[in-house]
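Hi,

Here is the structure I promised to pass on. Have a look at it first, then read my notes below with the viewer open.

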Amino acid sequence: MSAAERERWDARWRQRAAADALAPAPARFLVEHADRLPRAGRALDVAGGAGRHAIWLARRGLAVTLLDVSEVGLALAATRAAAAGVTVDVVAVDLDDAPAPSGPFDVIVIVHFLHRGRRDEIAATLAPGGVLVAIQPTMTNLERHARPGPEHLVAEGELATWARAVGLEVEIVREGWNAEGRHETEMVARRPG
Ligand SMILES: C[S@@+](CC[C@H](N)C(=O)[O-])C[C@H]1O[C@@H](n2cnc3c(N)ncnc32)[C@H](O)[C@@H]1O
């Protein structure tokens, strides 16, 4: 990732920090399917930004690693985690240049982040029985919103096809316009075992 792109993410998290003192709510889909997630073990929040999912997972009892390229986002996540009385291990990684932390992880969350070049190796760090939750806007989202641009969007059916190709069992996949007005794929998949 270029320095300019990184600065854009840092600026975005600086702006958000000013707007929200507390971490915003985690994605509704994740909360709705909380009963599918273990309450112990290790979790990885991929490109977790300012920590809304990492903190929610840590509060549920998981030992959470949050990776992101934005030092500003990571600092905000660590501060918010401390305010929430939990610890989140924040790791600065640019997935364009370096791999994700090695697992095994019992939970992996990937929300609003698409990296087709890294997702197979990330999925490979899921422990037997481990759960992946992925949420990503689809190309259909362009019918109502110019952003995110196509490079951040999945085709309908893409996430489930990919998950099966890397050996996961797809437990839930939902595609459509959600309550926030975005057209997204929301998926829960599990590594057999
Ligand atoms: C749309 S935000 C989503 C944040 C979080 N998952 C959430 O749902 O709140 C995308 C995140 O991806 C991070 N990101 C973008 N490119 C990245 C890269 N190459 N490596 C690691 N993180 C990256 C950004 O810093 C940003 O925090």
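**Helix 3 and what covers it**

Helix 3, residues 52-59, is mostly covered, with 6 of its 8 residues buried. Keep in mind as you read that this is a predicted model.

Which residues of helix 3 are buried? They are H53, A54, I55, W56, L57 and A58. The cover over them comes from several places, including helix 2 (28-32), strand 1 (42-46), strand 2 (63-68), helix 4 (71-83), strand 3 (88-92) and strand 4 (105-111). If you click through those elements one at a time, you can see how each sits against the helix.

H53 is a good residue to zoom in on. It belongs to helix 3, and it counts as buried because its relative accessibility is 3%, where the cut-off for buried is under 20%. Setting aside neighbours within four places in sequence, H53 is in contact with P26, A27, L30, D45, V109 and V111.

After helix 3 comes G61, which has a positive phi, near 110°.

**Helix 6**

Now jump along to helix 6, residues 158-165. Its buried residues are E158, L159, A160, W162 and A163. What covers them includes helix 5 (119-123), strand 5 (126-137), strand 6 (169-177) and strand 7 (183-190). Here too a glycine with a positive phi turns up: G167, just after helix 6, has a phi of about 90°.

**Salt bridges**

How many salt bridges does a search of the whole structure find? The count is 11. Here are three to look up.

- E32 and R174: the closest N and O atoms are 3.2 Å apart. This pair links distant parts of the chain, with E32 in helix 2 and R174 in strand 6, 142 residues apart. E32 is partly exposed because its relative accessible area is 41%, and R174 is partly exposed as well, at 37%.
- R36 and E171: these side chains meet in a salt bridge of 3.0 Å, N to O. R36 lies in the loop between helix 2 and strand 1 and E171 in strand 6, so the pair ties together parts that are 135 residues apart in sequence. R36 is partly exposed, with a relative accessible area of 32%, and E171 is partly exposed at 29%.
- E184 and R182: this salt bridge is 2.7 Å, N to O. Is E184 buried or exposed? It is buried, because its relative accessible area is 2%. R182, on the other hand, counts as partly exposed at 26%.

E32 and R174 also come up again as part of a network of salt bridges, together with E186.

While you are in that area, look at G176, which lies in strand 6. Not counting residues up to four places away in sequence, G176 touches R182, H183 and E184. Two of those names, R182 and E184, are the salt bridge partners from the list above. You can also try the distance tool on the C-alpha atoms of G176 and M187: they are 11 residues apart along the chain and separated by 12 Å.

**A positive patch**

On the surface, R8, R12, R16 and R147 form a positive patch. R16 is found in helix 1, residues 3-19. It counts as partly exposed because its relative accessibility is 35%.

**Some backbone oddities**

A bit of background first: most residues other than glycine have a negative phi, and most peptide bonds are trans. With that in mind, here are the places to check.

Where are the cis peptide bonds? One joins G103 and P104, with omega about 0°, and P104 lies in the loop between strand 3 and strand 4. Another joins R147 and P148, again with omega about 0°. P148 is in the loop between strand 5 and helix 6, while R147 is one of the residues in the positive patch.

As for phi, A47 has a positive value of about 50° although it is not a glycine. A47 sits in the loop between strand 1 and helix 3, and it is buried, with a relative accessible area of 18%. H112 also has a positive phi, about 60°, and is not a glycine either. H112 lies in the loop between strand 4 and helix 5 and counts as partly exposed at 34% relative accessibility.

Have fun exploring!

Note on methods. Residues numbered from 1 in each chain as written. Predicted model: local features only at pLDDT ≥ 70, side-chain atom pairs only at ≥ 80, totals over all residues. Heavy atoms only, no water. Patch = residues over 30% accessible without salt bridge, like charges linked within 9 Å, V, L, I, M, F, W, Y side chains within 5 Å. Areas by Shrake-Rupley, 256 points an atom, 1.4 Å probe, with all protein chains shown as cover. Salt bridge = Lys/Arg side-chain N within 4 Å of Asp/Glu carboxyl O. Lys, Arg positive; Asp, Glu negative; His and termini not counted. Charge placed at Lys NZ, Arg CZ, Asp CG, Glu CD. Helix = DSSP H or I, 4+ residues; strand = E, 2+ residues; numbered from the N terminus. Buried < 20%, exposed > 50% of the residue type's maximum accessible area, 1.4 Å probe, protein only. Contact = heavy atoms within 4.5 Å.
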